[in-house]
Amino acid sequence: MKYVTTFVMPVPKKKLDLYRRTARKFAKLWKEHGALEVTECVAEDAKKGKLTSFPHSVQLKRNETVVISWVVFKTRKHRDKVMADVMADPRAQKIMNPTDMPGDGHRMFWGGFDVMFKL
């Protein structure tokens, strides 16, 4: 089975186009360095829950929305290699400059997951 790394991040609604352009650049780097696929999504029906929800998870502010993305790899080992290669790429460092980020990286979270099944 494959391995997936997922990212969740708050983005100001007025910066959503900038986020899309930035994410596309990053997606190209992931693919160039060996990722199998990259998917980016923006919240359309992610209401704030009473205890847990996507808005709660990123401490969403009124003028923001939630974006999620996932990157698919062959294995965890493959992800670790691709991640190291991407993070060492000077283009990634430029994209991740905190002053140019379209969202709040401090409230972003991510994690790696083994795929249990896919239909």
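Trainee: How does the lining of the second largest pocket divide by class: how many nonpolar, polar and charged residues?
Mentor: Let's look at who is there, keeping in mind that this is a predicted model. The lining includes Val 4, Trp 70, Val 72 and Phe 113, and also Lys 2, Glu 37, Asp 114 and Lys 118. Val, Trp and Phe count as nonpolar, while Lys, Glu and Asp count as charged. Sorted this way, the lining has six nonpolar, one polar and four charged residues.

Trainee: Which elements each supply at least two residues of that second lining?
Mentor: This pocket has a volume of about 250 Å³. Among its lining residues are Val 4, Thr 6, Trp 70, Val 72, Phe 113 and Asp 114. The elements that each supply at least two residues are E1, E3 and strand E4 (109–114).

Trainee: Now the largest pocket, please. Which element gives the most to its lining?
Mentor: The space in this pocket is about 590 Å³. Of the 27 residues that line it, Met 9, Phe 26, Met 96, Met 101 and Met 108 are the closest to its centre. Strand E1 (3–12), helix H1 (16–32), strand E2 (37–42), strand E3 (64–73) and helix H3 (76–88) each bring at least two residues. With six residues, the element that gives the most is H1.

Trainee: How many residues of the largest pocket's lining are charged?
Mentor: Met and Phe count as nonpolar, and those are the residue types closest to the centre of this pocket. Across the lining there are 21 nonpolar and five polar residues, and the number of charged residues is one.

Trainee: Phe 7 and Trp 30 form an aromatic pair. Is that pair stacked, edge-to-face or tilted?
Mentor: Two numbers help here: the ring centres are 6.2 Å apart, and the planes meet at 45°. Planes under 30 degrees apart count as stacked and those over 60 as edge-to-face, with the rest called tilted. An angle of 45° makes the Phe 7 and Trp 30 pair tilted.

Trainee: How many residues apart in sequence are the parts that this pair ties together?
Mentor: Both Phe 7 and Trp 30 are buried. Phe 7 belongs to strand E1 and Trp 30 to helix H1, so their pairing ties together parts of the chain whose separation in sequence is 23 residues.

Trainee: Which residues do ring pairs link into a cluster?
Mentor: The model has three aromatic pairs by the rule used here. One of them joins Phe 7 and Trp 30. Ring pairs link a cluster made of Phe 7, Phe 26, Trp 30 and Phe 73.

Trainee: Which residues have the most contacts inside the largest nonpolar core?
Mentor: That core has 13 residues. E1, H1, E3, H3 and helix H4 (90–95) each supply at least two of them. A second, separate core of seven residues includes Met 9, Val 11, Tyr 19 and Met 101. Back in the largest core, the residues with the most contacts are Phe 26, Trp 30, Val 71, Phe 73 and Val 86.

Trainee: Is Thr 65 buried or exposed?
Mentor: Thr 65 sits in strand E3. Beyond four places in sequence, its contacts include Met 9, Val 11, Leu 16 and Val 42. Buried means under 20% relative accessible area. Because its relative accessibility is 11%, Thr 65 counts as buried.

Trainee: And Gln 59: buried or exposed?
Mentor: Gln 59 is placed in the loop between helix H2 (54–57) and E3. Its phi is near 50°, a positive value in a residue other than glycine. The cut-off for exposed is over 50%. Since its relative accessibility is 57%, Gln 59 counts as exposed.

Trainee: Where does Asn 63 lie, and how far is its C-alpha atom from that of Gln 93?
Mentor: Asn 63 is in the loop between H2 and E3. With a relative accessible area of 45%, Asn 63 is partly exposed. Outside four places in sequence, Asn 63 touches Val 11, Pro 12 and Lys 13. Gln 93 is 30 residues away along the chain, and the two C-alpha atoms are separated by 27 Å.

Notes
Residues are numbered from 1 along each chain as its sequence is written. This is a predicted model: local features need pLDDT of at least 70, side-chain atom pairs count only at pLDDT 80 or more; totals for chains, interfaces and linings use all residues. Side-chain values use heavy atoms; hydrogens and water are left out. On a 1 Å grid over the protein atoms alone, a cavity is a set of points where a 1.4 Å probe fits but cannot get out, and a pocket is an open set with protein on both sides within 12 Å along at least five of seven lines; lining residues have an atom within 4 Å of a point. Grid points are joined across faces, edges and corners, and a volume is the space filled by probe spheres set on the points. Helices (H or I, at least four residues) and strands (E, at least two) are DSSP runs, numbered from the N terminus. Rings of Phe, Tyr and Trp (its six-membered ring) pair if their centres lie within 6.5 Å; planes under 30 degrees apart count as stacked, over 60 as edge-to-face and the rest as tilted. Buried means under 20% relative accessible area, exposed over 50%, partly exposed in between (1.4 Å probe, protein chains only). A nonpolar core is a set of buried Ala, Val, Leu, Ile, Met, Phe, Trp, Tyr and Cys residues joined through side-chain atoms within 4.5 Å. Contact means heavy atoms within 4.5 Å.
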